[in-house]
Amino acid sequence: MNLNELRNRAYKTACEHGFHDEELSNEHCLCLIISELMEAVQADRKGKHADVTKFKEWQRNSLALTEETRTRRFKEDFEAYIKGSVEEELADTCIRLLDLAGLRNIYLPALDRVYTPGWKEEDFKIPLTEFVYYLCQELLDECSPLDIRIYNVVEQIFVYCRFNCIDIEWFIEQKMRYNELRPMLNGKRY
């Protein structure tokens, strides 16, 4: 996976949707990243997980559809089966991290397909609340440079998802596609 290609796409989409029309502080961006993590916790508390099988079932269609209908169907199916789920919020967190890396022109090394030495599966089989707490600590650790914090959190989310059977790359791709179809500022103030 090429994180820098994802970074460029996330940043480009954010720019096109007005998220960088004003100069943003790191604190502003980190707060929004943490808000995505909190949304993942809220989804977990509600037991809200994506229904990938249903999403893919509805997306497979042998009928010839216009591009407009295909786009509308994608948005409807995304909102019905993925939106507001733990998986979507973790993908959103990664996208915001990638966007911040793009904003600050931070190079991100490739993620290895093998697990990072020293990490064990049980390290990532903890409740989501505890995992998110550790990610927030990492994000707010000002003793560590921003580029390292961003990379570490992205890496930890990917490893957590691997150990918890979440195809985070697939969810990031779906969420990026969804974001590209949204209105300016996704209908929000910032």
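**View 1. Pro-109 counts as partly exposed, at 35% relative accessibility.** Here, buried means under 20% relative accessible area, exposed means over 50%, and partly exposed is in between, with a 1.4 Å probe rolled over protein chains only. You're looking at a predicted model, where local features need pLDDT of at least 70 and side-chain atom pairs count only at pLDDT 80 or more, while totals for chains, interfaces and linings use all residues. Residues are numbered from 1 along each chain as its sequence is written, and side-chain values use heavy atoms, with hydrogens and water left out. Pro-109 sits in the loop between α5 and α6; helices (H or I, at least four residues) and strands (E, at least two) are DSSP runs numbered from the N terminus. Leave out the neighbours within four places in sequence, and Pro-109 is in contact with Leu-3 and Tyr-151, contact being heavy atoms within 4.5 Å. Try finding Met-1 too: Pro-109 and Met-1 are 108 residues apart in sequence, yet their C-alpha atoms are 9.8 Å apart in space.

**View 2. Asn-105 has a positive phi of about 55° although it isn't a glycine.** Most residues other than glycine have a negative phi. Look for Asn-105 in the loop between α5 and α6. At 64% relative accessibility, Asn-105 counts as exposed. Further along the chain, Leu-185 is another non-glycine with a positive phi, of about 50°. Leu-185 lies in the segment after α8.

**View 3. Lys-125 belongs to the loop between α5 (86-103) and α6 (128-140).** Its 44% relative accessibility makes Lys-125 partly exposed. Setting aside residues up to four places away in sequence, Lys-125 touches Phe-163 and Asn-164. For a sense of scale, pick Ala-40: Lys-125 and Ala-40 are 85 residues apart in sequence, and 16 Å apart from C-alpha to C-alpha.

**View 4. Arg-149, in helix α7 (residues 146-163), is charged but tucked away: at 9% relative accessibility it counts as buried.** Which residues is Arg-149 in contact with, leaving aside its neighbours within four places in sequence? They are Leu-30, Glu-138, Leu-139, Leu-140, Asp-141, Glu-142 and Ser-144. Leu-111 is 38 residues from Arg-149 along the chain, and their C-alpha atoms are separated by 14 Å.

**View 5. Helix α1 packs against α5 at an angle of about 85°, with the axes 7 Å apart.** That makes α1 roughly perpendicular to α5. The labels go like this: angles under 35 degrees are roughly parallel, over 145 roughly antiparallel, 65 to 115 roughly perpendicular, and the rest oblique. On the α1 side, Leu-3, Leu-6, Arg-7, Ala-10, Tyr-11 and Ala-14 meet Ile-95, Leu-98, Asp-99, Ala-101, Gly-102 and Leu-103 of α5. By class, that contact has nine nonpolar residues, one polar and two charged.

**View 6. Helix α1 (residues 3-16) also packs with α8 (residues 168-180), at about 25° and with the axes 10 Å apart.** So α1 is roughly parallel to α8. Leu-6, Arg-9, Ala-10 and Thr-13 from α1 meet Ile-172, Glu-173, Met-176, Arg-177, Asn-179 and Glu-180 from α8. Sort those residues by class and you get four nonpolar, two polar and four charged.

**View 7. Helices α7 and α8 pack at about 115°, their axes 9 Å apart.** Ile-157, Phe-158 and Cys-161 in α7 meet Ile-168, Glu-169 and Ile-172 in α8. The tally for this contact is five nonpolar residues, no polar ones and one charged.

**View 8. Stepping back, the protein has eight helices and zero strands.** Its radius of gyration is 17 Å, close to the 16 Å that the globule rule gives for 190 residues, so the protein is as compact as a globular protein of that length. Along its principal axes, the C-alpha trace spans about 55 × 40 × 30 Å. Buried residues make up 46% of the 190. Of the contacts with a separation of 6 or more, 84% come from residues 24 or more positions apart.

Conventions
Axes fitted to C-alpha atoms, helices over the stretch in contact; angles between N-to-C directions. Nonpolar A, V, L, I, M, F, W, Y, C, P; charged D, E, K, R; others polar. Rg over C-alpha atoms; globule rule 2.2 N^0.38 Å.
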